[in-house]
Amino acid sequence: MEKSKFYLYLGLGVLAFSIIWLILVFFQIEGDLGEYANTPRTIPFFLGICMSILGLVFLYQYKLGFRPKQSVEPLKKNEIRNIIICVILFLIYAYVLELFGFILSTPIVIYFITRFLLKEKNWKLNFAFPILMTALIYFIFIILLKSSLPRGTLIQII
Amino acid sequence: MENLITALGLINNYEVFIAICIGSFAGIIFGAIPGLTYSMALALMLPFTFTMQPVTGISLLLATYIGGMTGGSISAILIGIPGTPSAAATVSDGYSLSKKGDASIALGTAVIVSTIGGLISLSLMIVMVDFISKFAIKFGPAEIFMLVLFGFSTICGLAEKSLFRGLVAGLLGLMLMTIGTDEIEGVQRFTFGNVQMLQGVNLLVAMIGLFAVPHILEVFNSRICDEDQKNYDIDVVKTKLPSFALLKKYFNLMLRCVGLGTSIGAIPGSGGPIAAFLAYSHAKNSEKDLKEKELYGKGHLGGVIAPETANNAVTGGAMVPLLSLGIPGDPATAIILGGLLIHGLVPGPMLFIENAPQVYSIYLAILLAYIVVFLFQVNFIKHIVKILRVKPHHLAVGILIMVVVGSYAIRNSFLDVNVMIIMGLIGYFFNRIRLPVTPIVLGLVLGRTIEQEYRTAMSLSAGDPSIFFGSIVCVLFFMLIILTIALQVRKRVIDVRNQKKLKEVNQA
């Protein structure tokens with residue numbers, strides 16, 4: 001049986017993160033650790049130390065030949081590209097939401113997502129879904145719950 | 001009595017009723033659809049409680065929680081896939097009954113025992129919360145620190161059955177909570193000079209990111225790769241309530257399962273699935289009639305009654321440490337704790353002194369939510385199951401809209417959307433490498449209390465750490481922390497030994 005490298009990567013990742021964190025503790029927080037271990041730096045410093053200990057524990061587990069109970073699935077084809085596309089989508093929607101408000105931006109964004117990204121071919125659904133979805137959220141949160149939705153900075157409809 | 005009358009006044013308005021109806025409906029839907037969770041529903045609802053009155057907002061969240069816990073049984077019975085992990089124990093007998101053509105009676109039984117289980121556990125909760133909070137009011141900063149640390153270690157250890165991985169996630173949550181302005185001395189921490197970062201990581205934004213975004217990314221990724229996730233086409237179904245005689249026959253079992261569910265729910269980190277499986281196994285083992293016993297797993301109503309009673313009794317149990325000590329037992333109660341904090345209701349013993357009417361209105365909201373969930377499931381089940389036919393990618397688009405609108409609307413800040421995306425990516429990455437996400441949320445929720453109580457205790461003792469071992473309560477919690485860690489390490493060592501033995505057998 002081949003030796004699993006899961007704990008090696010996990011240990012190295014956790015250790016690297018904790019070292020960066022500990023460096024930031026000294027550069028991003030004013031003051032010192034204090035005579036009584038009771039300053040704004042104390043807890044972040046302690047957390048960094050705990051994290052690095054956990055990193056070392058994982059490396060030790062790797063050395064002992066530990067294997068994770070559930071195997072980690074390998075990356076699917078184009079998974080990273082797809083995730084990046086989704087993140088960009090989130091950012092675009094947030095940006096147009098800020099500019100044009102909920103009522104205008106939501107149906108347009110939903111249409112583009114369902115039609116072009118998710119390749120929905122049913123044209124009735126492509127037109128009805130964005131409008132119904134926007135109307136439903138508006139009805140629930142503005143009319144029923146009397147909550148608020150983004151109004152937009154360029155054009156204000158609600 | 002005076003508090004109860006005030007609470008009745010608080011809850012007696014149409015906004016609260018609408019909030020409970022919406023919450024119950026959303027909870028049932030998110031609970032019923034495999035892949036969606038009621039924790040996700042709670043995270044999505046949270047930003048919209050911002051502008052509501054405290055009681056209305058909390059009622060919305062509680063109804064979502066209760067609806068979600070009950071709704072999980074729908075898909076477990078009709079399609080054999082549990083909508084929530086808590087409904088997994090219902091699958092074998094529920095789905096077998098469904099295949100025999102008894103889906104209606106299985107659904108009806110699940111609904112009514114869920115309601116009965118939830119309501120009895122509510123009464124137990126009221127008694128237990130009152131008792132524990134009266135005891136906890138004597139706690140000082142050192143005791144609270146040790147208590148929260150104990151809750152934290154239990155949750156990290158039990159949440160995903162791996163202490164070290166749980167601890168990594170928990171520590172990450174605590175680390176994220178230190179970003180922003182230090183509340184005691186007003187010093188900036190990890191802000192990189194950005195003014196918006198002074199407020200730190202918003203709890204709600206983090207929860208939305210951690211619970212909802214990974215699901216969207218998964219569904220979109222599958223869809224773009226032309227690997228559609230499944231939707232479920234279900235025939236028309238009705239709910240048929242069981243007869244009084246049948247309920248009477250199983251009433252003793254129900255009471256035992258309520259006790260089991262409530263006590264397990266009260267232990268942080270355990271929760272619904274454990275209670276449901278234990279109740280199922282208890283029901284099967286306590287069956288004296290051998291013929292009946294053999295029917296378990298092949299379509300026995302007892303196999304639906306026991307897990308459904310227990311997992312709904314967990315809701316009452318989980319509220320005990322939440323309300324009396326401020327320690328959430330699972331992701332759902334962590335989100336509800338977030339909701340309480342937004343509205344200035346700080347759970348713990350002082351809650352009962354400072355906000356007694358609100359506490360009573362929480363009890364009334366739970367009662368009302370159970371009634372509404374019951375009515376929805378009995379009368380609208382045929383409409384509810386139609387939602388299972390909706391394609392997952394359409395639901396994901398709806399969730400995407402909710403997460404962006406929700407995280408932006410909290411502080412009208414573009415930074416919050418970015419934080420939500422980063423938290424979502426962390427959640428997705430953690431899911432991929434099988435690290436638990438729940439401890440991150442608990443770290444975020446409990447982080448502030450841990451730091452504040454630690455520093456207050458250290459100030460009181462002029463830097464002498466022996467204050468953390470200065471009382472019996474502190475020592476008791478310390479022993480419990482050590483015990484939790486020792487048990488987890490022991491379990492892992494046994495696992496590794498078994499793995500090695502297996503390896504040797506394979507090689508031989």
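Here is a chat between two people about a predicted model, mostly about chain B and its contact with chain A.

Colleague: Let's start at the interface. How many residues of chain B are in contact with chain A?

Modeller: On the chain B side there are 72, in contact with 76 residues of chain A. The area buried between the two chains is about 7,000 Å², and carbon and sulfur atoms give 71% of that.

Colleague: What makes B:R432 and A:E79 a salt bridge?

Modeller: The closest N and O atoms of the pair are 2.9 Å apart. The cut-off is 4 Å between a side-chain nitrogen of Lys or Arg and a carboxyl oxygen of Asp or Glu, so an Arg–Glu pair at that distance qualifies. The rule finds one salt bridge across this interface, along with eight residue pairs in polar contact.

Colleague: Which elements give two or more residues to the side of chain B that touches chain A?

Modeller: Among them are α2 (14–32), α8 (163–177), α20 (414–432) and α22 (472–507) of chain B. The element that gives the most is α19(B), with eleven residues. By class, that side of chain B has 42 nonpolar, 13 polar and 17 charged residues.

Colleague: On to the rings. Why is the pair of B:Y454 and B:F468 called stacked?

Modeller: The structure holds 20 aromatic pairs over all chains. In the pair of B:Y454 and B:F468, the ring centres are 5.7 Å apart and the planes stand at 0°. Centres within 6.5 Å make a pair and planes under 30 degrees apart make it stacked, so this one passes on both counts.

Colleague: What does that pair tie together?

Modeller: B:Y454 lies in helix α21 of chain B and B:F468 in the loop between α21 and α22, so the pair ties together parts that are 14 residues apart in sequence. Both B:Y454 and B:F468 are buried.

Colleague: And why is the pair of B:F469 and B:F478 called edge-to-face?

Modeller: Here the centres are 5.0 Å apart and the planes are at 85°. That angle is over 60 degrees, so the pair is edge-to-face.

Colleague: How do you know whether B:F469 and B:F478 are buried, exposed or partly exposed?

Modeller: B:F469 has a relative accessibility of 44%, and B:F478 has a relative accessible area of 31%. Buried needs under 20% and exposed needs over 50%, so each of these two counts as partly exposed. Over in chain A, ring pairs link A:Y111, A:F112, A:F116 and A:F127 into a cluster.

Colleague: Why is B:T115 called buried?

Modeller: Its relative accessibility is 11%, under the 20% limit, so B:T115 counts as buried. B:T115 lies in helix α6 (residues 103–136) of chain B. Leaving aside neighbours within four places in sequence, B:T115 is in contact with B:Y370 and B:F374. A polar atom of the B:T115 side chain also lies 2.8 Å from the backbone oxygen of B:V111.

Colleague: What about B:F430: why does that one count as buried?

Modeller: At 7% relative accessibility, B:F430 is under 20%, so buried is the right word. B:F430 sits in helix α20 of chain B, and its contacts beyond four places in sequence include B:A169, B:L172 and B:I440. B:F430 and B:A169 are 261 residues apart in sequence and 8.7 Å apart in space, C-alpha to C-alpha.

Colleague: Now the loop between β2 and α9 of chain B. What is the phi of B:F190?

Modeller: Near 50°, a positive value in a residue other than glycine. B:F192, in that loop too, has a positive phi of about 50° although it is not a glycine.

Colleague: Why is B:F190 called buried, and why is B:F192 called exposed?

Modeller: The relative accessible area of B:F190 is 2%, under 20%, so B:F190 is buried. For B:F192 the value is 55%, over the 50% limit, so B:F192 is exposed.

Colleague: What makes B:G200 buried?

Modeller: A relative accessible area of 9%, which is under 20%, so B:G200 is buried. B:G200 is also found in the loop between β2 and α9, and leaving aside neighbours within four places in sequence, B:G200 is in contact with B:I179, B:G180 and B:R411.

Technical notes. Residues numbered from 1 in each chain as written. Chains lettered and ligands numbered in written order. Predicted model: local features only at pLDDT ≥ 70, side-chain atom pairs only at ≥ 80, totals over all residues. Heavy atoms only, no water. Contact = heavy atoms within 4.5 Å. Buried area = accessible area lost by both parts, 1.4 Å probe. Polar contact = N/O pair within 3.5 Å; in protein donor to acceptor, adjacent residues only side chain to side chain. Helix = DSSP H or I, 4+ residues; strand = E, 2+ residues; numbered from the N terminus. Nonpolar A, V, L, I, M, F, W, Y, C, P; charged D, E, K, R; others polar. Phe/Tyr/Trp six-rings, centres within 6.5 Å; stacked < 30°, edge-to-face > 60°. Buried < 20%, exposed > 50% of the residue type's maximum accessible area, 1.4 Å probe, protein only.
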